[in-house]
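I opened this notebook to record what I looked up in one structure. The entries follow the order in which I worked.

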Amino acid sequence: MAVAERQRPRRSCLAVPGSSQKMIDKARGLPADQVFLDLEDACAPLAKPDARKTIVAALNEGGWGDKTRVVRVNDLTTEWTYRDVVEVVEGAGANLDCIMLPKVQTAEQVAWLDLTLTQIEKTMGYEVGRIGIEAQIENARGLVNVDAIAEASPRVETIIFGPADFMASINMKSLVVGEQPPGYDVGDAYHYILMRILMAARANDLQAIDGPYLQIRDVDGFRRVAGRAAALGFDGKWVLHPGQLDACNETFSPKQEDYDHAENILDAYEYFTSEAGGKRGAAMLGDEMIDEASRKMALVIANKGRAAGMRRTDRWTPPED
Ligand code: GLV
Ligand code: MG
């Protein structure tokens with residue numbers, strides 16, 4: 001499958017503990033683009049074996065609509081990873097879109113997951129290569145290897161930033177809630193991490209996803225932090241609580257007027273470059289000069305709007321002469 005075809009909607013990626021039947025059932029009806037059932041940090045060690053079974057049953061039961069269905073397994077420094085992958089994918093591989101691998105540190109770890117998935121797909125008679133990989137970057141080693149991680153397998157669909165573990169791993173004062181520690185400006189460093197991940201993702205046609213905002217009652221704070229990631233070009237963000245969902249979907253969707261304008265640029269540019277439009281490479285749309293780069297920028301916004309199910313409310317038409 002071409003990489004571009006793998007770009008599923010991921011504005012909001014809802015975290016759901018795999019050990020909680022109640023939260024899993026609630027998640028089915030929530031307007032998240034992606035749901036990930038967690039076997040890692042939101043699942044206590046003693047609860048992990050049962051959670052694998054709960055997750056398999058929940059995926060096979062269905063009712064997930066168009067949501068991207070993901071399971072986060074434990075990282076490869078633990079003893080749990082291989083059993084997580086084998087049990088979940090053997091049990092529910094036909095009803096699962098991606099495996100999320102947290103705390104990825106090297107390309108070899110992604111290659112291990114790729115090979116293991118292929119083994120299971122062959123054994124079970126599933127389509128080989130259908131299940132994607134989401135690679136979560138949560139420590140310095142992962143970040144310095146992020147380019148190799150991004151290109152380690154054609155299954156990789158997204159690079160995800162895990163701010164809580166990342167800040168802990170590099171001893172940075174916590175920016176998990178997106179605030180500056182008093183008297184100390186670490187904003188540039190934070191942007192460096194986000195941009196590093198974004199470049200690795202974009203260089204490989206992957207999506208870039210921002211991690212959680214832990215102050216779940218502070219929706220304004222969520223909007224602020226999500227808005228920063230969206231402004232940089234990130235495709236979506238984690239949601240830890242249903243109260244963050246609307247803000248998340250809104251932040252990562254274009255505004256109606258921007259969506260309309262993007263679609264109009266695409267139409268106008270197609271017309272102006274055509275025979276009827278004078279085969280022009282640069283033309284005026286209202287007060288704005290548009291060219292091939294404008295088309296590319298417009299396409300990004302139009303694609304986001306289309307993926308979010310937006311409709312045009314204003315339509316450009318060619319000049320009559
Ligand atoms: C998410 O896993 C994080 O560590 O922020
Ligand atoms: Mg983490």
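The entries below cover the ligand site, three helices, and several single residues.

**Entry 1: status of the model.** I note at the outset that this is a predicted model.

**Entry 2: the ligand site.** I first asked which residues are around ligand 1. I listed R72, Q136, E138, G162, P163, A164, D165, P212 and W238. I then sorted this shell by class and recorded four nonpolar, two polar and three charged residues. I also looked up which element gives the most to the shell. That element is helix α7, residues 163–170, with three residues.

**Entry 3: polar contacts of the ligand.** I went through the short distances to oxygen atoms of ligand 1. For E138, a polar side-chain atom lies 2.8 Å from a ligand oxygen. For P163, a polar backbone atom is 3.1 Å from an oxygen of the ligand. For D165, I found a backbone N or O atom at 2.9 Å from a ligand oxygen. I then checked how much of the ligand is covered: ligand 1 taken alone exposes 190 Å², and the protein buries 94% of that area.

**Entry 4: G162.** I returned to one of the shell residues, G162. I placed G162 in the loop between β6 (156–161) and α7. Is G162 buried or exposed? Its relative accessible area is 2%, under the 20% limit, and therefore I entered G162 as buried. I also took a C-alpha to C-alpha distance from G162 to M284: the two are 122 residues apart in sequence and 43 Å apart in space.

**Entry 5: Q244.** I located Q244 in the loop between β8 (236–239) and α10 (245–251). Its relative accessibility is 0%, so I counted Q244 as buried. I then asked what the side chain of Q244 reaches, beginning with backbone oxygen. The side chain of Q244 reaches the backbone oxygen of Y213 at 3.1 Å. The Q244 side chain also reaches the backbone nitrogen of L240, at 2.8 Å.

**Entry 6: helix α3.** I compared the span of α3, residues 81–92, with expectation. With 12 residues at 1.5 Å a residue, the helix should span 16 Å, and the end C-alpha atoms are 16 Å apart, so the two values agree. I listed T81, D84, V85, V88, V89 and A92 as buried in α3. These residues cover an arc of only 95 degrees around the axis, so I placed them on the same side of α3. I noted the general background: an α-helix has 3.6 residues a turn, so residues three or four places apart point the same way.

**Entry 7: helix α9.** I repeated the check on α9, residues 219–232. This helix has 14 residues and reaches 20 Å from its first C-alpha to its last, close to the 20 Å expected. I recorded G221, F222, V225, A226 and A229 as buried. Their arc around the axis is only 120 degrees, which puts them on the same side of α9. On the other side of α9, I found D220 and A231 exposed.

**Entry 8: helix α12.** I turned to α12, residues 292–307. Its 16 residues reach 22 Å from first C-alpha to last, close to the 22 Å expected at 1.5 Å a residue. In α12, I marked S294, A298, A302 and G305 as buried. Seen down the axis, the buried residues of α12 fall within an arc of 60 degrees, so they line one face of the helix. On the other side of α12, K296, M297 and A307 are exposed.

**Entry 9: R306.** I looked up R306 separately and found this residue in α12. R306 is partly exposed, with a relative accessible area of 41%. I compared its position with that of S253: the two residues are 53 apart along the chain, and their C-alpha atoms are separated by 9.5 Å.

**Entry 10: positive phi angles.** I finally looked up backbone angles, with one general point in mind: most residues other than glycine have a negative phi. I found that D205, not a glycine, has a positive phi of about 60 degrees. D205 sits in the loop between α8 (187–203) and β7 (207–210). I recorded a positive phi of about 50 degrees for K279, which is not a glycine. K279 lies in the loop between α11 (256–273) and β9 (283–285). With a relative accessible area of 56%, K279 is exposed.

Methods: Residues are numbered from 1 along each chain as its sequence is written. Chains are lettered from A and ligands numbered from 1 in the order in which they are written. This is a predicted model: local features need pLDDT of at least 70, side-chain atom pairs count only at pLDDT 80 or more; totals for chains, interfaces and linings use all residues. Side-chain values use heavy atoms; hydrogens and water are left out. A residue is near a molecule or strand if one of its heavy atoms lies within 4 Å of it. A polar contact is a pair of N or O atoms within 3.5 Å; within protein, one must be able to donate a hydrogen and the other to accept it, and residues adjacent in sequence count only if both atoms are side-chain atoms. Accessible areas come from the Shrake-Rupley method with a 1.4 Å probe; for residues, only the protein chains shown count as cover. Helices (H or I, at least four residues) and strands (E, at least two) are DSSP runs, numbered from the N terminus. Ala, Val, Leu, Ile, Met, Phe, Trp, Tyr, Cys and Pro count as nonpolar, Asp, Glu, Lys and Arg as charged, and the others, Gly among them, as polar. The expected span of a helix is 1.5 Å times one less than its number of residues. Buried means under 20% relative accessible area, exposed over 50%, partly exposed in between (1.4 Å probe, protein chains only). The arc is that of the directions from the helix axis to the C-beta atoms.
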